[in-house]
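The following exercises are to be worked with the sequence and the coordinates side by side. Each task is followed by a solution that goes step by step.

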Amino acid sequence: MDDTTIYLSGDCRVSFFNISSQGLFENLNSPDVIFEYSLPLLEMQILVIFFAIVMSHMFLRRLGISPIASYMMAGIVLGPQLFNVLERSSRKLSVDPALDGSAMLRSISVFGTIMFTFLMTVRTSRRVAFHSGKLPVVIGIVSFFVPLFGLGLQNLFSDSIDPHYMPLDKALGERTAIIITQSAILLPSTTYILLELKILNSELGRLALSASIINDILGIFSMVLASLQATYTHVSHLTAYRDFIAVIIFLLIVFLVFKPAVQWIIDRTPEDKPVENMYVDVVIITALASAAYFVFFNMKYILGPLMIGLIIPEGPPLGSALEAKYEKLTMNVFLPISITVSAMRCDGISIYNQFNDIFFNIFLTFLTLFLKLVSCFGPSLYYKLPLNESMAVSLILSYKSFHDFVLYEAVLDDKYISQATYAFLIIFSLLNAGIVPMVLRSMYDPKRKYVNYQKRDILHLEPNSDLRILTCLHKPENVSETIAFLQLLSSPNLDFPMAVTVLHLVKLAGQINPIMVPHNKNLKRLNHNSYIHTANLAFRQFMLESLESVTVTTFTAFSHENLMHEDICTLALDQSTSMIVLPSGRKWTMDGMFEFDDNAIRNLNQSLLDRAPCSIGILVDRGQFSRKSIVSSKKKYNIDVGVIFIGGKDDREALALVKKMKHNTRVSVTVTRLVFKQEAKPDWDYILDNEGLKDIKVPEENNDIVYTERIVTSGAEVVTVVRSLAEVYDLMVVGRDHDMTSKELLGLMEWVELPELGVIGDLLAAKDLNSNVSVLVVQQQQQQV
């Protein structure tokens, strides 16, 4: 027990500041004396908060409402309108006003906000944000400035402001504060709702995240300028100049000292080892210190953690280490306390009592919301984003939730807004947190989260643009077959570059968190005892033999089997891939005999066929193709590639792929078109098919690809032709789905053993096929608009 002497109204009085009690039996006549000690009081406050949260969520979760809404509802229940916990606690510890009984709880609340802001910012991919095209930049800029047009209406009905409510100048300032706080798009809020909806790594999520970062950067600058202007006006010119210099010094330290230090930590961490705890703790302390730094210089404390978080690269090793150590504690303990404590300051009754005074503030809130929705929706439609996705992006970026409490509390504490306006803004955020996620789930299917709004396939590549291919490896035998295929597309001609991304897939068991590890190009940090190291050396050798026309980037994904498609799709989006090449899962012996099917790989391939953001190629290698390709790279043997063309977008994609092979002098390509005797009436697909074949049909205009036609009259004849072609070529390239208007093909569908390969691919990969031919089955990007 520590004694402190204070002076109240000129009298000397003793104040006791007590930390821990001696238990319930300290005073049997008055057991609640223990709440005059700070630690038991804090423990009881936290217990009451989580009890209220659990009770609220018991009811709200049945409606499918987010836990965030439960935290807010618990705060409102514990606020002035019912239990008034903060006010009841404030005088428990001491008669000294400085020893507020709710001070420790408020401190934990602020700490939770700092940690949440920092961790959510670390989760953000800056590289994706700044390389996502024009649309997010336009949305970010337009959504920042357009809602500010509401400032032009702040003087409306100013003559009706009740002076008993607030003086005129302060009332106008309140309107300005409402428009500015409602115009802001806070990056942590955007990141959280994307995580809640499980679409953070989707194309839609990346678009929203990119726009949010652009908007947030503008918001940080405006927040700093507003703080400096307030200091200049209300404190002193000299203090404002000092604060401005402090911001410049902070930025210099961040970019010239902290950022290189972070990179040094990452570089010295072995690839298969976690970051040392000491470095993780130093980074967290730096984030907390940055918050204190900005408070000292009269600015909002979240600015520091926000800037520090943007510097740290997401993912392993440092970003993942921070998340693994602090995220669960922050999200499950500190964040609920932070949200609830902020909501406990909401006095809902004041809205009723002062409704006429804040009516125009409510109007400005909804007007700003409307302007923000329009400023996000308009550019999305202009750039031809689908209607549903445009609406979803607008709702995500207009989402006002718990992180906005930081702004609301700041303007409340600075007396820019009234208690009634603050209460309305809290309830408005509660409605957002409860309704917006439910609306987004109903209008946006998470299964479509990797659907791409740009054409990422081989057929629509610009001439002489990079051919970007992602190859996935499960086992050592996948290495040779993948390199063999890539050799067909490589050319020493620098006019036809190819960018290859190699992804090693390693199965995880148990509760270990999945991680994606990028490999350093110099291979110094690899595990030399693994097949991954040997595979990377093989791909490096392939890159060197290609005379700089091929670049290779390698990654390893440690993931659970049911989540591997997430890693593949995410990396395909990151690398702007045109095609993903996958092993089929069907294993053959050295002499071409069937060995077994790997059903886990087959299931993964099926998931990717349904979800991939680009085209897919499934490679079935019987062994001869990869062995002959390796020999042909040293001796001048030709690789014979055949294409079976029936019709449809997958066949056109397969045709576009083999056209890329004509630049390789060791590859000879033959296209065989199967023409059914009873052809369907010409339609749009038929026109596109003939357009794709036009440049190879005329021998005078095409010396690189041989074109032939076979007329077939029945399903049995299709099987015969396919089996005969399998005897001629080393590799067959076919589309997965074809023009299925033919009855002959529909009949063959009943006998398909491997549906992920389609009718023709299944015939060529059949166990009983007496041939050593390998097959690549192609599916064009499943773009949905």
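**Exercise 1.** Determine which residues of helix H15 meet which residues of helix H18, and describe the geometry and the chemical classes of this contact.

*Solution.* In this predicted model, the H15 side of the contact consists of Ile358, Asn361, Ile362, Thr365, Phe366 and Leu369, and these meet Ala420, Thr421, Phe424, Leu425 and Phe428 of H18. Sorted by class, the contact holds eight nonpolar and three polar residues, with no charged residue. Turning to the geometry, the axes of H15 (residues 355-382) and H18 (residues 419-443) come within 10 Å and cross at roughly 35 degrees, and the crossing is right-handed.

**Exercise 2.** Check whether the end-to-end distance of helix H20 agrees with its number of residues, then list its buried residues and what covers them.

*Solution.* Helix H20 covers residues 531-545, which is 15 residues, so that at 1.5 Å a residue the expected span is 21 Å. The C-alpha atoms at its ends are 21 Å apart, which agrees with the expected value. The next step is burial: the buried residues of H20 are Ile532, His533, Ala535, Asn536, Phe539, Phe542 and Met543. Their cover includes helix H19 (477-489) together with the strands S3 (467-473), S4 (498-507) and S6 (550-559). Following H20 comes leucine 547, which has a positive phi near 55 degrees.

**Exercise 3.** Explain why cysteine 569 forms no bond to the closest cysteine sulfur.

*Solution.* The closest cysteine sulfur to that of cysteine 569 belongs to cysteine 614 and lies 7.8 Å away, which is too far for a bond, given that a disulfide requires the two sulfur atoms to be within 2.5 Å. Cysteine 614 is accordingly in no disulfide, its nearest cysteine sulfur being that of cysteine 569. A search of the whole structure likewise finds zero disulfides. As for accessibility, cysteine 569 counts as buried because its relative accessibility is 0%, and cysteine 614 is also buried, with a relative accessible area of 2%.

**Exercise 4.** Locate asparagine 84 and lysine 415, and decide for each whether the residue is buried, partly exposed or exposed.

*Solution.* Asparagine 84, which has a positive phi near 50 degrees although it is not a glycine, is placed in the loop between helix H2 (67-77) and helix H3 (85-90). With a relative accessibility of 25%, asparagine 84 counts as partly exposed. Lysine 415, likewise not a glycine, has a positive phi of about 65 degrees and is found in the loop between helix H17 (405-413) and H18. Its relative accessible area is 58%, and lysine 415 is therefore exposed.

Note on methods:
Residues are numbered from 1 along each chain as its sequence is written. This is a predicted model: local features need pLDDT of at least 70, side-chain atom pairs count only at pLDDT 80 or more; totals for chains, interfaces and linings use all residues. Side-chain values use heavy atoms; hydrogens and water are left out. Helices (H or I, at least four residues) and strands (E, at least two) are DSSP runs, numbered from the N terminus. The expected span of a helix is 1.5 Å times one less than its number of residues. Buried means under 20% relative accessible area, exposed over 50%, partly exposed in between (1.4 Å probe, protein chains only). Contact means heavy atoms within 4.5 Å. Axes are lines fitted to C-alpha atoms, for helices over the stretch in contact, and angles run from 0 to 180 degrees between N-to-C directions. A crossing is left-handed if the near helix is turned anticlockwise from the far one by less than a right angle, and right-handed if clockwise. Ala, Val, Leu, Ile, Met, Phe, Trp, Tyr, Cys and Pro count as nonpolar, Asp, Glu, Lys and Arg as charged, and the others, Gly among them, as polar.
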